[in-house]
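Got your viewer open? Let's take a walk through this one, one selection at a time.

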Amino acid sequence: MAQDYRIIGAEESPYSVKVRSYFRYKDIPHRWLSRAEAGELYQQHAKLPLVPLVVTPDDKGMQDSTPIIETVESDHPEPSIHPDDPVSAFVSTLLEEFADEWGNKWMFHYRWAREVDQRACSKRLAAIMAPNASEQELIDTADAIRERMVDRVWFVGSSQQTAQQIEDSFKDTLAWLEPHLAERPYLFGARPAFADFALWGQIYNAHRDPTPRAIVETQAPNTLRWVQRMLEPQNEG
Ligand SMILES: N[C@@H](CCC(=O)N[C@@H](CS)C(=O)NCC(=O)O)C(=O)O
């Protein structure tokens, strides 16, 4: 019997949920596994120690969310995630890249910039890394993660000098999305496009932490509805 696709990922990984949202929209049978649940399967197929990793029904491993989606899309072209109009299709591809490369700074910066978010996020990450740990072990693991990650924000270019620019850019993007998403369920109309999956993954993950969540919930009600819609996206066209 043919296997389903397997997506090895994490809820806290914007690139993983991006790929999962794509599979859900396309209605492609798949299983969502954590790295711990995948065990050997992850070791066998991962060339880099990153998620997501997708293992195809014929047992080939794929990494890197953009080529993963492009490859699966070529095997499952309908309904297409590319707008019919070539200019819109180009803008969608450009936004997909923007989300992966710049949007990632929002969620990573907000995750580790303030104590309230550091604590919330490190607790969730600890629960993924040590699913069977006691309460005290979880606290210790969360503290260790927090200590390590706070020193790593430079990795996405976050620093005292750039913090304001990154936060302004998050709020500017929400301000642009608001009127746009007031009139359409997805960025390019009735169905989600390449750009939706990538941008959503970053904003959905940012929305999991208290500071950016408060911004989205108080300033961006249409974006909030899109964030919720993209968790299980439907073709409404
Ligand atoms: N360009 C890659 C980025 C993948 C990536 O950076 N994954 C992060 C999580 S979002 C990761 O696996 N970090 C190491 C870890 O979680 O152990 C993609 O689009 O899939």
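**A tour in six selections**

Start with the loop between α4 and α5, where you'll find Pro-79. Remember as you click that this is a predicted model. Show the backbone from Glu-78 to Pro-79: the peptide bond there is cis, with omega near -15°. That's worth a second look, because most peptide bonds are trans.

Next, jump to the loop between α3 (40-45) and β3 (53-55) and pick out Pro-52. Here is another cis peptide bond, joining Val-51 and Pro-52, with omega at about 5°. Keep both residues selected, since Val-51 and Pro-52 are among the residues surrounding the ligand.

One more backbone stop before the ligand: the loop between β3 and β4 (61-63), which holds Asp-59. What sign does phi have at Asp-59? Positive, at about 70°, even though Asp-59 is not a glycine.

Now select the ligand and bring up its surroundings. Ser-13, Pro-14 and Tyr-15 are part of the shell, along with Arg-35, the run Pro-49, Leu-50, Val-51 and Pro-52, and then Asp-64 and Ser-65. Colour that shell by class and you get six nonpolar, two polar and two charged residues.

Zoom in on three side chains and turn on distances:

- Arg-35: an N or O atom of its side chain is 2.8 Å from an oxygen atom of the ligand.
- Asp-64: a polar side-chain atom lies 2.9 Å from a ligand nitrogen.
- Ser-65: a polar side-chain atom lies 2.6 Å from a ligand oxygen.

How much of the ligand does the protein cover? The figure is 63% of the 500 Å² of accessible area that the ligand has on its own.

Finally, hide the ligand and switch on a surface. The space you've just emptied belongs to the largest pocket, which is where the ligand sits. About 1400 Å³ of space lies in this pocket. Its lining counts 36 residues, and those nearest the centre are Ser-13, Arg-35, Pro-49, Leu-50 and Val-51. To see which elements build the wall, select α1 (14-26), α2 (35-38), α4 (65-75), α5 (86-113), α6 (115-129) and α7 (135-150), each of which gives two or more residues to the lining. Which of them gives the most? That's α5, with nine residues. Colour the lining by class as you did for the shell, and it splits into 19 nonpolar, seven polar and ten charged residues.

Definitions and conventions
Residues are numbered from 1 along each chain as its sequence is written. This is a predicted model: local features need pLDDT of at least 70, side-chain atom pairs count only at pLDDT 80 or more; totals for chains, interfaces and linings use all residues. Side-chain values use heavy atoms; hydrogens and water are left out. A residue is near a molecule or strand if one of its heavy atoms lies within 4 Å of it. A polar contact is a pair of N or O atoms within 3.5 Å; within protein, one must be able to donate a hydrogen and the other to accept it, and residues adjacent in sequence count only if both atoms are side-chain atoms. Accessible areas come from the Shrake-Rupley method with a 1.4 Å probe; for residues, only the protein chains shown count as cover. On a 1 Å grid over the protein atoms alone, a cavity is a set of points where a 1.4 Å probe fits but cannot get out, and a pocket is an open set with protein on both sides within 12 Å along at least five of seven lines; lining residues have an atom within 4 Å of a point. A molecule sits in a cavity or pocket if more than half of its atoms lie within 2 Å of its grid points. Ala, Val, Leu, Ile, Met, Phe, Trp, Tyr, Cys and Pro count as nonpolar, Asp, Glu, Lys and Arg as charged, and the others, Gly among them, as polar. Grid points are joined across faces, edges and corners, and a volume is the space filled by probe spheres set on the points. Helices (H or I, at least four residues) and strands (E, at least two) are DSSP runs, numbered from the N terminus.
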